[in-house]
Amino acid sequence: MAVLPILSYPDPRLRTIAAPVKEVDAEIKTLISDMIETMYAADGIGLAASQVDRHIQLIVMDLSENRDTPMVFINPKVTPLVEEKQPYEEGCLSVPDVYDKVERPSKVRIEALDADGEPIDEIAEGLLAVCIQHEMDHLNGVIFVDYLSRLKQTRARDKVKKVLKIREKQSQQAAKQPEATNV
């Protein structure tokens, strides 16, 4: 398993429409494992393949408290079951340190394949409904900041640039630290 690099907003590759997965084979299963490891390493609850520059219809999520119950959705289809929308504070691994309210349908039906290629058909509410819709947006080239005003989008872009600069500086400083030697 490997931690994959996550694309950051406003990278144009995040706008790519994902293609359906043709077959759940060993390569897809490896990608699933890598995406789950990447999601955990980044302290996220969901990750779409588009965010790791693989433009296929694959989503991993884990909403459990102990972070030990990963879910996999291949070729997902999400259907809203209610017209009412509820606001929910969202964040995104591709838009680090930016959070804002987005309104989405509060109840949806999820149809997909699981990690073994078996069909899933379930009704989702609450955080699962929000998260699957957020990740589905990634597969369609949409980022949660697209729901915000132009001013908030500009602020998000500026904040991401600042966060990435700080992270780069921190990793450069860590690379300069002398390694400890065992005596």
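**Entry 1: K29 and D116**

I looked up the contact between K29 and D116 in this predicted model. Their side chains form a salt bridge, with an N to O distance of 3.3 Å. I noted that the two partners come from distant parts of the chain, 87 residues apart. K29 belongs to helix α1, while D116 sits in the loop between β6 and β7. I then checked accessibility. K29 has a relative accessible area of 37% and is therefore partly exposed. D116 reaches 54%, so I entered D116 as exposed.

**Entry 2: other salt bridges**

How many salt bridges does the rule give? The count I have is 12.

I picked out E89 and K101, whose side chains meet at 3.9 Å, N to O. E89 is in strand β4 (residues 85-92) and K101 in strand β5 (residues 95-105), so this salt bridge ties together parts 12 residues apart in sequence. For E89 I have a relative accessible area of 44%, which means partly exposed. K101 is exposed, at 51%.

I also looked at R109 and E111, a salt bridge of 3.8 Å, N to O. R109 is partly exposed at 30%, and E111 is partly exposed at 24%. Which residues are joined with this pair into one network? I found K77, R109, E111 and D121 connected by salt bridges that share partners.

**Entry 3: the sheet**

I traced the strand order next. Five strands make an open sheet, in the order β1-β2-β3-β6-β7, with antiparallel pairing. Why do β1 and β7 each have one side without a neighbour in the sheet? β1 (46-48) and β7 (119-125) are at the edges and each has a single partner strand, so one side of each stays unpaired. From one strand to the next I recorded an average twist of 40 degrees.

I went through one pairing in detail. β2 (residues 58-61) and β3 (residues 71-80) are antiparallel partners, connected over four bridges. In this pair of strands, M61 is opposite M71 of β3.

**Entry 4: helices on the sheet**

I checked how the helices lie relative to the strands. Helix α1 (residues 26-41) lies across β1, β2 and β3, and I have its direction at about 40 degrees to β2. This is the helix that carries K29. Helix α2 lies across β1, β2, β3, β6 (107-113) and β7. Its angle to β2 is about 145 degrees.

**Entry 5: a nonpolar surface patch**

I searched the surface for nonpolar patches and entered one made of I45, Y88 and L127. Together these residues have about 220 Å² of accessible area. I placed L127 in helix α2 (residues 126-139). Is L127 buried or exposed, or in between? The relative accessibility of L127 is 31%, so I list L127 as partly exposed.

**Entry 6: Q57**

I ended with Q57, in the loop between β1 and β2. At 18% relative accessibility Q57 counts as buried, because the cut-off for buried is under 20%. I then listed what Q57 touches, leaving out residues up to four places away in sequence. The contacts include A18, A19, P20 and V21. Also among them are F73, I74, N75 and P76, together with L139.

Conventions
Residues are numbered from 1 along each chain as its sequence is written. This is a predicted model: local features need pLDDT of at least 70, side-chain atom pairs count only at pLDDT 80 or more; totals for chains, interfaces and linings use all residues. Side-chain values use heavy atoms; hydrogens and water are left out. Patches are made of residues with over 30% relative accessible area and no salt bridge: like charges are joined within 9 Å, nonpolar side chains (Val, Leu, Ile, Met, Phe, Trp, Tyr) within 5 Å. Accessible areas come from the Shrake-Rupley method with a 1.4 Å probe; for residues, only the protein chains shown count as cover. A salt bridge is a side-chain nitrogen of Lys or Arg within 4 Å of a carboxyl oxygen of Asp or Glu. Helices (H or I, at least four residues) and strands (E, at least two) are DSSP runs, numbered from the N terminus. Buried means under 20% relative accessible area, exposed over 50%, partly exposed in between (1.4 Å probe, protein chains only). Two strands pair if DSSP finds at least two bridges between them. Axes are lines fitted to C-alpha atoms, for helices over the stretch in contact, and angles run from 0 to 180 degrees between N-to-C directions. Contact means heavy atoms within 4.5 Å.
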